[in-house]
Amino acid sequence: MTVDQITGPAPAEAPPTRHGRGRGRGTSMVARRQRAFYLFTSPWIAGFLLLTVIPMGYALWLSFTTFDGLSPHWRYIGLGNYRELIHDPVTWDALGRTGLFAVTSVPLSIAAGLGLAVLLNRPVKARGLFRTLIYLPAVVPPVGAGLAFKALFDQNSGATNGVLTFLGFDAVGWLADPYARYVLLMTVLWAAGNIMIISLAGLQDVPRELHEAARLDGASAWRTFRSVTVPLLSPVLLFQTVTGMIASVQTIMPLLLAPLGDTTGITTVPQSNYLYMMHVFAQYFALGRYGYASALLWVLFVIILAVTGLLFRFTSGAVFYHVDPEAKK
Amino acid sequence: MRSHAAAPPSRRRFLALSAGGAGAAALSGCALQVSGSVGGGGETVTMMVSPGDITPDQVRQAKRKLGIGVELVKWDITKLIAMLTSGNPPDLVRGVGAVDAAYFAARDVAEVLDPYFARSTVLRADDLDPVNDLWRFDGRTQGKGPRYGMAKDFSQDSMYWYNTAVFDEAGLSYPPETEPVTYEEWAENARRLVRRRQGQTIVFGGSYAGLTRSTLLATMTASAGGSLFSDDFSRADFTTPEARKALAWYIDYCRTKVGPSLIQPDPNGWDGPTYQAGRMAMTNSGYWLGGMIATDPKLAEVSRLAPAPVFAGGPRISACQGGTGLWMPKKARNKDAAWRVFEWFFGEEPARERAAGGWGIPTLKSLRSLMPRQETYQQRTLRVQEDELKRFSVVSFTPYTRADALDALFNQVAPAAMNGRISVDALAGRLNDVVNEQLKRGKEQVG
């Protein structure tokens, strides 16, 4: 598939502006606009430098040390933490589990969100109410969601097992291995309302005349969806895939499903939910290995960059961009 | 021609800007202040504590009685480390004596309190309960050397409470009040007391998890007559007969699912609510749980405290795995005012209120008489507790890592054994590998 540009009607010629009349005044206008641009973006730039660039640089420095926060004899060890990381089976296990979680949860949640968006894009009664209800879980604080799922899926007093035993089945230990991973997946799908809202916005941007044209050509609903709707939604789907992938590899929710709740919480996460960020968290806050944990984070950063790059690379031919010709100026 | 504003920043310019930002951040980091903390003249003391350690009333009382303001910061290990490394720590910090004292002392961030104790008329050395030895560390061994802190109250955490109603229902005789059962008998009782239906546990036979898995295993190994750690605390050995006995018992406890564990979690997160609901026959909590039990007369009537179990042939010991209290960072700014708050907190009104509340054994011998004894059940509990105090012991913990770290490592490798995928011997070997690696790193860090 090739990259298409869907352009609107050619814009009317712009009226002459003041800055078009003279070189000096035009330059001054451009300079003023640029100053305004930097002035208005400066809070973000300052925040980015102070809260992102410097901490990342500091973490990079830490990743070459044995720093643990308190001990007096920490030292510089060069690539020692990175070498250890490569030979640490727990890291690889956690990375593998995280990859599996990402490739499962991201497509499922996008499919669920898109499916709901398509349904709720139809002219049905109480559509607004349904949209609100489905979106609500996305605004529930993660702690509340975690506690609710913990209560819902408790083996001995949870409603899920209550239904199962009522139907004559045996109760299942949802919050322990190996089922904890499914509960985690359910928490992600439960919050698919977020994806639904974005997909809905994308759907409403699809020109109606294209659907009508497809219908006149005799295309079925599925064919119209596949050949008209999905291509036009492809930038939205790419956005959701990229942000979903980044969010899923940084998942920290299992912490909230930790069954025993000790001082760090992290130490009691079931193994099937021991994802990469759990490992990072455990290294930082339970084992006090700031250097090693920082190395883990930098490796994750590189992996995310690489995967994002690959996603853009391999989807470049499948994504349709609606280009505003004015924006190219 | 490009205007200056439009010019992309050169590399040199970018570095200069970054350096400026870093400098600003460093300066602001140096100037980090504890929220509302230390004023001039030592009138305000910052305490990093957990909710419930000190009540708002007590904060007001401190101001009224001592003329010292108390600012509270919620205990958080990450925040604590940040405050310590930025050179602006709280004046008093909550800590669990059994596992934190040696750790912070070994890293030279805790103040030696001996000179303060020496001149105190409130906290006299001869009045200090031996549990406060958990807060001593001589550079190698816990329980000896200078004092770095003090426990606010304590329990002998290997003791357990049981619900007589559940025992009656199961037709089992109660554990003796002053003679301990063996760990094997405790487990057998738990197996008989557990009630299940369709894969659900209606009543847990018993819970036995200790304060942390590492303190539990260290204490149980000591009960079997051995030591989990080497003499210099730089290594742990789970393969010695005593440590293996403790490990095998705990894994069996998890495997049989008679009580909460990693593979059968209790959603309440701790035993209290489950025991209170009559859904737990025995709970491995010391005297302090009596504070909760006393709030429910019906529960108090059926609840009994029992001595710490023993391993057949092993010594009878009953350790405190917690001993939560306060310590003073070396770089605290208001040490004198902090000490005055320390004295008041551990020896005056707050200490008396805690002693009378039944939520723990007071750490000053002179306050023992305040422990609740009005009701029959309180007298019975006190009788058992007083007898158990004769067996009090300090089980030293390694200074080279935090208990959380050992728990994290244990929980990474132990579920395989709990689920029967690896043997206890294989688990012991794996634990030796990961735990000793962590201890080795810790020893290098401490120097």
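This passage describes the annotated membrane segments of chain A and the interface between chain A and chain B in a predicted model.

In the unreviewed UniProt entry, the feature "transmembrane region" is placed at residues 37-61, 99-120, 132-153, 183-203, 237-261 and 298-323 of chain A. Two of these segments may be set against the modelled backbone. Over residues 37-61 of chain A the predicted chain is 100% helix and 0% strand, with its end C-alpha atoms 33 Å apart, whereas over residues 132-153 of chain A the helix content is 86%, the strand content is again 0%, and the end C-alpha atoms lie 25 Å apart.

The contact between the two chains draws 49 residues from chain A and 46 residues from chain B, and the area buried between chain A and chain B comes to about 4,100 Å², of which 53% is on carbon and sulfur atoms. Two salt bridges are counted between chain A and chain B, and the side chains of A:Glu84 and B:Arg441 are joined in a salt bridge with an N to O distance of 3.8 Å. Across the same interface of chain A and chain B, 15 residue pairs are found in polar contact, both residues of each pair being at pLDDT 80 or more.

On the side of chain A that touches chain B, helix H1 (23-62), helix H6 (159-166) and helix H11 (276-286) of chain A each contribute at least two residues, and the largest share, seven residues, is supplied by H1(A). Sorted by class, this side of chain A comprises 20 nonpolar, 19 polar and 10 charged residues.

Definitions and conventions
Residues are numbered from 1 along each chain as its sequence is written. Chains are lettered from A and ligands numbered from 1 in the order in which they are written. This is a predicted model: local features need pLDDT of at least 70, side-chain atom pairs count only at pLDDT 80 or more; totals for chains, interfaces and linings use all residues. Side-chain values use heavy atoms; hydrogens and water are left out. UniProt positions are given in the numbering used here, feature names are shortened, and annotations may be inferred rather than shown by experiment. Helices (H or I, at least four residues) and strands (E, at least two) are DSSP runs, numbered from the N terminus. Contact means heavy atoms within 4.5 Å. Buried area is the accessible area (1.4 Å probe) that two parts lose on being put together, summed over both. A salt bridge is a side-chain nitrogen of Lys or Arg within 4 Å of a carboxyl oxygen of Asp or Glu. A polar contact is a pair of N or O atoms within 3.5 Å; within protein, one must be able to donate a hydrogen and the other to accept it, and residues adjacent in sequence count only if both atoms are side-chain atoms. Ala, Val, Leu, Ile, Met, Phe, Trp, Tyr, Cys and Pro count as nonpolar, Asp, Glu, Lys and Arg as charged, and the others, Gly among them, as polar.
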